[in-house]
Amino acid sequence: MNKHDSERIAGLLSECHFQETLEIGQAEVIIYNTCSVRENADNRLFGHLSQLASLKERKRSLKVVVAGCIAQKMKEDLLERSPHVDIVVGPNDLGALPHLIRMSEEKKARLCQARDKPQQEITSLPSKRKSAFKAWLPIMTGCNNFCSYCIVPYVRGREHSRPFEEVLTEAQELVDDGVVEITLLGQNVNSYHDGNGRGFFHLLEAVSQIEGAKRIRFATSHPKDLSPEVIDLIAQRENICNHIHLPLQSGSNRILSHMNRKYTREHFLHLTSLIQERIPEAALSTDIIVGYLSEEEEDFWDTVDMLKKCRFDQAFIFEFSPRPGTTASMMEDRISKAEKQRRFRMVNDLQKEISWQKNRSYIGRCITVLVEGRSKKDPGEISGRTDNNKVVNFPGSSELIGKMVSVKIVDAGAFSLKGIAHVPRRTTSHENCVIFKGELQRISD
Ligand code: SAH
Ligand code: SF4
């Protein structure tokens, strides 16, 4: 969501004739679009701001803007705490940013605008996408779930679904613009509703029916709301990606109830077996919080047990950090930092082993990859993702960026697969197909 907001900020400023620069020394305006969901995101911002002192010294005209959730949470306090910040702008006021930059310049003033109610939906702002072939498409903003550890409802406000037709129009425009992969975004996409009886199932179905929509992803699904109908729709539609991000958070029913998650481990296991049964190719990823408030050793082992039972393809693991204003922040955080770190390492090591085993089962297979760019690890290689969200690195030319390529997997690690571009042998016309994911896929030669 934060990355998407940054694209809207870039779009808005481009329309006001700002140009992006990759060279910090050339910038007249520096914008930090912040996230405050976990404590270390906060800490990173203050680290970055303290490094600006000498730059501001050399260039008095430089404007430093802090946008996003930390801006919303701290408001004027941020101006007080950080002398290098000129403008604080909350997510509900992003539309005012060009005006604030002008006013700050004209009046030589430090300004803050971070109102609690949305002044203008962020989705109404122009967007400047980073990628020509991948796009985020927010279908809703805010959240009503109030999980006890989570700051999102306090900084992003209440849940609001975008009108059905508006989302469809934007999806069509993206496809017309050559976008190959669209990710529908919301804090809990399964609670989307348009006020006329249409929910997430209907929206996902309608987007998948757009001609030329090649890959559709969505995030995030809340386990209390993911329905069997949506699972069946993913199974039926070739262009809805076989990947579900389903945050478990904890494997202990006691902790889940304390977290206000409104599901049990039994319900979660029921969902995962339904997914595995209906979509055998599906990859599952999750989020886990370790060391939550009163998490006892027994609760922690319930989480370990769930990781072993669900065998997620990938898990994002976080140490609990109290966030201001949340219910959890008002209770005693009983677990020491060292103990949180120990639990983190144990879960992380276990998950790495599971991810590695799952990834190894791909060796020898040919998979379609959407090439996203040059590999970060090895600039001689290119990198992309499979339909079920596996990262694949393989030797290839930059001309393939943005294209779907068939890749033969030759090796696998815990975080990525390694492959070689698969060039089909010359075939006769009736032979030129391979069996892939139970479907017939043409390979053009
Ligand atoms: N809406 C999404 C999550 C958004 S926040 C959902 O419900 O799944 C992304 C992840 O950050 C959460 O899933 C959770 O695992 C983690 N997180 C949120 N608040 C946290 C906190 N206070 N401490 C540690 N991790 C946290
Ligand atoms: Fe936070 Fe829970 Fe909402 Fe996700 S569903 S954003 S974890 S309150």
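**View 1. Surroundings of ligand 2 in the predicted model**. In this predicted model, the shell around ligand 2 is made up of C143, N145, F146, C147, Y149, C150, V152, P153, Q187, H222 and R261. Sorted by residue character, this shell contains seven nonpolar residues, three polar residues and one charged residue.

**View 2. Surroundings of ligand 1 and the polar contacts made there**. Ligand 1 is surrounded by 15 residues, and the closest of these are R38, Q187, Q249, D287 and S321. By character, the shell around ligand 1 consists of six nonpolar, four polar and five charged residues. Two strands, strand 11 (283–290) and strand 12 (314–319), each contribute at least two residues to the shell around ligand 1. A polar atom in the side chain of R38 is placed 2.6 Å from an oxygen atom of ligand 1, while an N or O atom in the side chain of R261 lies 3.4 Å from an oxygen atom of ligand 1. The backbone also takes part, since a polar backbone atom of Y149 is found 3.1 Å from a nitrogen atom of ligand 1. When ligand 1 is considered alone it exposes 540 Å², and 91% of that area is buried by the protein. Residues Q187, Y149 and R261 also belong to the list of residues that surround ligand 2.

**View 3. The open four-stranded sheet and the helices that pack against it**. Four strands, paired in parallel, form an open sheet in the order 1-2-3-4. Strand 1 (29–34) and strand 4 (111–113) are the edge strands, each of them pairing on one side only. With direction ignored, neighbouring strands of this sheet are turned by 10° against each other on average. Within the sheet, strand 2 (residues 63–68) and strand 3 (residues 87–89) run parallel and are joined by three bridges, and A67 is found opposite V89 in strand 3. Helix 6 (residues 97–107) packs on the sheet and touches strand 1, strand 2, strand 3 and strand 4, with a direction that makes about 160° with that of strand 3. Helix 1 (residues 2–15), for its part, lies across strand 1 and strand 2 and runs at about 155° to strand 1.

**View 4. The closed five-stranded barrel**. Five strands, with mixed pairing, make up a closed barrel that runs in the order 13-14-15-17-16. From one strand to the next, the twist averages 50°. Strand 16 (residues 404–412) and strand 17 (residues 417–421) run antiparallel and are connected by five bridges, and the bridge partner of K408 in strand 17 is I420.

**View 5. A cis peptide bond between A219 and T220**. The peptide bond that joins A219 and T220 is cis in the model, with an omega of about 5°. T220 is located in the loop that lies between strand 9 (215–219) and helix 10 (228–236).

**View 6. Backbone geometry at K75**. Although K75 is a residue other than glycine, its phi has a positive value, near 45°. K75 is positioned in the loop between helix 4 (69–74) and helix 5 (76–81).

Key: Residues are numbered from 1 along each chain as its sequence is written. Chains are lettered from A and ligands numbered from 1 in the order in which they are written. This is a predicted model: local features need pLDDT of at least 70, side-chain atom pairs count only at pLDDT 80 or more; totals for chains, interfaces and linings use all residues. Side-chain values use heavy atoms; hydrogens and water are left out. Two strands pair if DSSP finds at least two bridges between them. Axes are lines fitted to C-alpha atoms, for helices over the stretch in contact, and angles run from 0 to 180 degrees between N-to-C directions. Contact means heavy atoms within 4.5 Å. A residue is near a molecule or strand if one of its heavy atoms lies within 4 Å of it. A polar contact is a pair of N or O atoms within 3.5 Å; within protein, one must be able to donate a hydrogen and the other to accept it, and residues adjacent in sequence count only if both atoms are side-chain atoms. Accessible areas come from the Shrake-Rupley method with a 1.4 Å probe; for residues, only the protein chains shown count as cover. Ala, Val, Leu, Ile, Met, Phe, Trp, Tyr, Cys and Pro count as nonpolar, Asp, Glu, Lys and Arg as charged, and the others, Gly among them, as polar.
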